[in-house]
Amino acid sequence: MSLAVDVFWSFRSPYSYLATPRLVDIAARYEVDVRVRPVLPIAVRIKDFFTNVNPLWPPYLMRDTYRIAQFLGLPYGWPQPDPIVQDYATRQVSPEQPYIYRLTRLGVDATLRGRGLAFVDQVSRLIWGGEPDWNEGTRLADAAARAGCDLAVMDAAIEAEPARYDAIIAANQEALTAAGHWGVPTMVFEDEAFFGQDRIELLLWRLRQRGLRERA
């Protein structure tokens with residue numbers, strides 16, 4: 001029987017984007033089910049998070065994510081537009097969020113269709129790959145198509161049952177908390193949490209202890 005890993009993941013997290021290609025490779029190479037569980041970013045989950053955070057953290061995050069992308073050979077740039085509408089000068093998060101709720105529900109819909117990992121891979125490449133205007137024209141629909149999804153069908157399904165999707169998002173957040181963490185990406189295997197893109201090798205070590213095998 002194949003092993004299974006839950007991945008708690010956010011469309012606003014650069015670290016989630018940076019981790020995803022390696023998770024895609026693991027799912028393709030090994031007999032392990034990598035299950036994406038989208039959650040809302042901390043900016044909307046925790047009121048005033050960014051107004052209370054240490055002021056040294058945002059500039060460090062920018063330096064750190066750029067160098068990790070260079071190290072991994074991934075295209076990278078802060079999204080334009082940002083999936084979270086936020087005043088960078090005051091760090092205040094707007095009550096109006098036209099992008100992140102749709103993106104997170106789409107991520108859930110993709111998981112229900114068995115295309116979760118492929119969808120977050122393609123869409124995060126679009127959002128974080130350094131090109132502006134990821135939300136314009138057919139770019140999001142094209143990314144969804146590359147993941148084997150139909151964006152119009154997904155949007156229609158969400159519009160028909162928005163509460164269903166929001167309940168799954170809330171359940172994902174509760175499961176992340178139950179696993180003992182709050183951040184993303186967090187990979188959970190056998191109730192053990194591995195937080196951060198820099199814990200993927202540690203996760204692989206644990207999986208190998210449990211008999212991880214390469215696919216034929």
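**View 1. Helices α2 and α3 at the second largest pocket of this predicted model.** Helices α2 and α3 each supply at least two residues of the lining. The second largest pocket holds about 230 Å³ of space. Its lining has 16 residues, and A43, K47, D48, V93 and S94 are the closest to the centre. By class, the lining divides into eight nonpolar, four polar and four charged residues.

**View 2. The largest pocket and the helices that line it.** This pocket encloses about 850 Å³ of space. Its lining counts 34 residues. Nearest the centre lie P14, Y15, F50, W57 and L61. Four elements give two or more residues each: α1 (14-29), α2 (42-45), α3 (49-52) and α4 (57-72). Helix α4 gives the most, with eight residues. The lining has 21 nonpolar, six polar and seven charged residues.

**View 3. The two faces of strand β3, residues 186-189.** T186 and V188 point one way. M187 and F189 point the other way. All four are buried. In a regular strand, side chains alternate between the two faces of the sheet.

**View 4. Strand β3 and its pairing with β1.** Strand β1 covers residues 3-9 and runs antiparallel to β3. Three bridges join the two strands. In one of the pairs, D6 has V188 of β3 as its bridge partner.

**View 5. The β3-β4 hairpin.** Strand β4 covers residues 192-195 and runs antiparallel to β3, with four bridges between them. M187 has F194 of β4 as its bridge partner. Two residues lie between the strands of the hairpin. In the turn, E190 has a positive phi of about 50°.

Key
Residues numbered from 1 in each chain as written. Predicted model: local features only at pLDDT ≥ 70, side-chain atom pairs only at ≥ 80, totals over all residues. Heavy atoms only, no water. Buried < 20%, exposed > 50% of the residue type's maximum accessible area, 1.4 Å probe, protein only. Pairing = 2+ DSSP bridges. 1 Å grid on protein atoms, 1.4 Å probe; cavity = no way out; pocket = protein on both sides within 12 Å on 5 of 7 lines; lining within 4 Å. Points joined across faces, edges and corners; volume = space filled by probe spheres on them. Nonpolar A, V, L, I, M, F, W, Y, C, P; charged D, E, K, R; others polar.
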